[in-house]
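Biologist: I would like to go through this model feature by feature. Please give the idea behind each reading and then the case at hand.

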Amino acid sequence: MQDITPHLVELVKSTSTDLSPDVEQALADACRAEAPNSAAAGALQTILENVKMSRETGRPICQDTGTPIFYFWIPEGLSQRKLIEQTKEALRIATKEAYLRPNAVAALSGKNSGDNTGTDFPTIHFHEWDQDYIRVGLVLKGGGSENCGCQYSIPSTEFAASRDIKGVRKAILDAAFKAQGFGCAPGILGVGIGGDRATSTIKAKEQLFRPLTDTNPDPELDKLEKQLHQEINGMGIGPMGFGGKTTVLGVKMAELHRLPASFFVSIAYMCWADRRKFMTIRNGNVEIAPPK
Amino acid sequence: MATKLTVPISEDEIRKLHIGDQVLLSGVIFTGRDAAHKYMIDNFIKGTCPDSEKQMYELLKQALAGGVIYHCGPVVRKRDDGKYEFVAAGPTTSIREEPYTADVIEHFQVRGVIGKGGMRDKTLNACKQHGAVYLHAIGGAATLIAESVKEVEDVHKLDFGVPEAFWQIRVEDFPCVVTMDSHGASLHDKVLKESEEKYQELLKA
């Protein structure tokens, strides 16, 4: 089997240092929309300058290089065990080369493994597909934004959320309000509707791979995504919570089957440094690209 | 336009600032987070300074009068010439220092605290009473902030660990926003209150 470790290092480097154009464009649009000389506009200018500087110098966009979350799509017969080993080795190299901060600490002792590997660290999801090539997705998800994520079990009496799409809307509004600017706004909300507590959260995080400008294949969800994007920005929390017109850059959601007894709405909050990339390895050709 | 501030900062300069003002900070400042704050409280503010810490006390008294504390656990590289360099230096969440900051502001006459996420009433009152501000740095702008750190002059209490030590750094045009001023106003409280009204309206819709 081919050793793809060096390609995985390149994927980590690109994801950590080079923000995707859809996110950069959304930040630039947000910057233009804010009142000139406002704190919100200033924050977005600083962010955009930082994005450019990181790309030019090859340094991490944010010092919190986050949890590396990998998604593999692989042809039949490829060894997952070997791919896990290669992924861990790639993280060791990327950490040594300072594209990642050592970010894996033992839960209770707090001891840092020093190389971004550990028990169930990184997160890796495998999917077998009927193509003859490998595709790898990577999200680097920072801790400050992860702490703003949450899960609702509806109905909720707290904000009168019913077990339908109206209740889902209220849960997402509540999450966005409670997050204020703490997750490094303007962020992106990934939402999983249904499932169990675990699958719902996984689905929420998968939504972060979608291009910001895409359309949800489900017309009802597409409408809600666009409505919530506007409504949340209307709360006026703004970049960094300074007040302003842009609190989120997008809301992306997907539905899963659930048990009759359960109705979960899971929200993954991603900071403005929405670091995610895809890599394809096909007949020896390696391509690293933003979501499209 | 951003206001330029240079350490040491006078009380007059602080009193002119209001929430929402943008600031470009220059001069020598100190990083400090959990361990550093506990150390200052235990040794200098609540306790009597032991002989072993007298030198550190004198240094801090001089540096923090009119000075600035930055809530930051940097990524640091030691260069071949033995000097240190900040690689990434974004702000960390400030609320953990809420129990200590008011006393530190009062005792050392600190004029500015830089961090992320804002702080609560105890710190806000200390800012009002003693003439200090809370400056919010831009979360995630790690490369840009590291670039504004022109020199790592020294490090103190490195035995606390790299993120927790007092890093004495010279910054130039470090961008921040005043989110808690010396007149009792907090941008965090204002935004929370205003967004709550909008949120309640949206729930009714």
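Modeller: Begin with backbone angles, where the sign of phi is the thing to read. This is a predicted model, and in it A:Gly236, just after helix 8 of chain A, takes a positive phi of about 80°.

Biologist: Which residue of the loop between helix 8 and strand 6 of chain A has a positive phi although it is not a glycine?

Modeller: That is A:Met240, with a phi of about 60°. A:Met240 lies in the loop between helix 8 and strand 6 of chain A.

Biologist: Is A:Met240 buried or exposed?

Modeller: Here one counts neighbours, and 20 or more other C-beta atoms within 10 Å make a residue buried. A:Met240 has 34 C-beta neighbours inside 10 Å, so it counts as buried.

Biologist: What is the phi of B:Gln109, and where is the residue placed?

Modeller: B:Gln109 is not a glycine either, yet its phi is positive, at about 55°. The residue sits in the loop between helix 4 and strand 6 (112–115) of chain B. Because 17 other C-beta atoms lie within 10 Å, B:Gln109 is partly exposed.

Biologist: Next, helix 8 of chain A. How does its length compare with the expected span?

Modeller: The check is a rise per residue set against the distance between the ends. At 1.5 Å a residue, the 16 residues of helix 8 of chain A should span 22 Å, and the end C-alpha atoms are 23 Å apart, so the two agree.

Biologist: Which residues of helix 8 of chain A are buried, and what covers them?

Modeller: The buried residues are A:Leu221, A:Leu224, A:Glu225, A:Leu228, A:His229, A:Glu231, A:Ile232 and A:Asn233. Their cover includes helix 6 and strand 6 (248–255) of chain A, together with helix 7 (187–204) of chain B.

Biologist: That brings in the other chain. How many residues does each chain give to the contact?

Modeller: Chain A gives 38 residues and chain B gives 31 residues. On the chain A side, helix 3 (39–57), helix 6 (165–179) and helix 8 (219–234) each supply at least two residues. Helix 3 of chain A gives the most, with ten residues. By type, the chain A side divides into 20 nonpolar, 13 polar and five charged residues.

Biologist: What scores does the predictor give the complex?

Modeller: The ipTM is 0.91 and the pTM is 0.92. For chain B, the mean pLDDT is 94, and 100% of its residues reach 70 or more.

Biologist: How do helix 4 and helix 5 of chain B pack?

Modeller: Two values describe a helix pair, the angle and the separation of the axes. Helix 4 (residues 98–108) and helix 5 (residues 121–130) of chain B pack at an angle of about 10°, with their axes 8 Å apart. Therefore helix 4 of chain B is roughly parallel to helix 5 of chain B. Helix 4 of chain B contributes B:Glu98, B:Thr101, B:Ala102, B:Ile105 and B:Glu106, which meet B:Lys122, B:Thr123, B:Asn125, B:Ala126 and B:His130 of helix 5 of chain B. This contact divides into three nonpolar, four polar and three charged residues.

Biologist: Last, peptide bonds. Where is the bond to A:Pro122 or A:Pro155 placed, and is each cis or trans?

Modeller: The angle to read is omega. A cis bond joins A:Phe121 and A:Pro122, with omega about 5°, and A:Pro122 is in the loop between helix 4 (80–96) and strand 2 (123–128) of chain A. The bond from A:Ile154 to A:Pro155 is also cis, with omega near 15°. A:Pro155 belongs to the loop between strand 4 (150–153) and helix 6 of chain A.

Notes
Residues numbered from 1 in each chain as written. Chains lettered and ligands numbered in written order. Predicted model: local features only at pLDDT ≥ 70, side-chain atom pairs only at ≥ 80, totals over all residues. Contact = placed C-beta atoms within 7 Å. Helix = DSSP H or I, 4+ residues; strand = E, 2+ residues; numbered from the N terminus. Nonpolar A, V, L, I, M, F, W, Y, C, P; charged D, E, K, R; others polar. pLDDT = per-residue confidence, 0-100. Expected span 1.5 Å × (residues − 1). Buried ≥ 20, exposed ≤ 12 C-beta atoms within 10 Å, placed from the backbone. Axes fitted to C-alpha atoms, helices over the stretch in contact; angles between N-to-C directions. Parallel < 35°, antiparallel > 145°, perpendicular 65-115°, else oblique.
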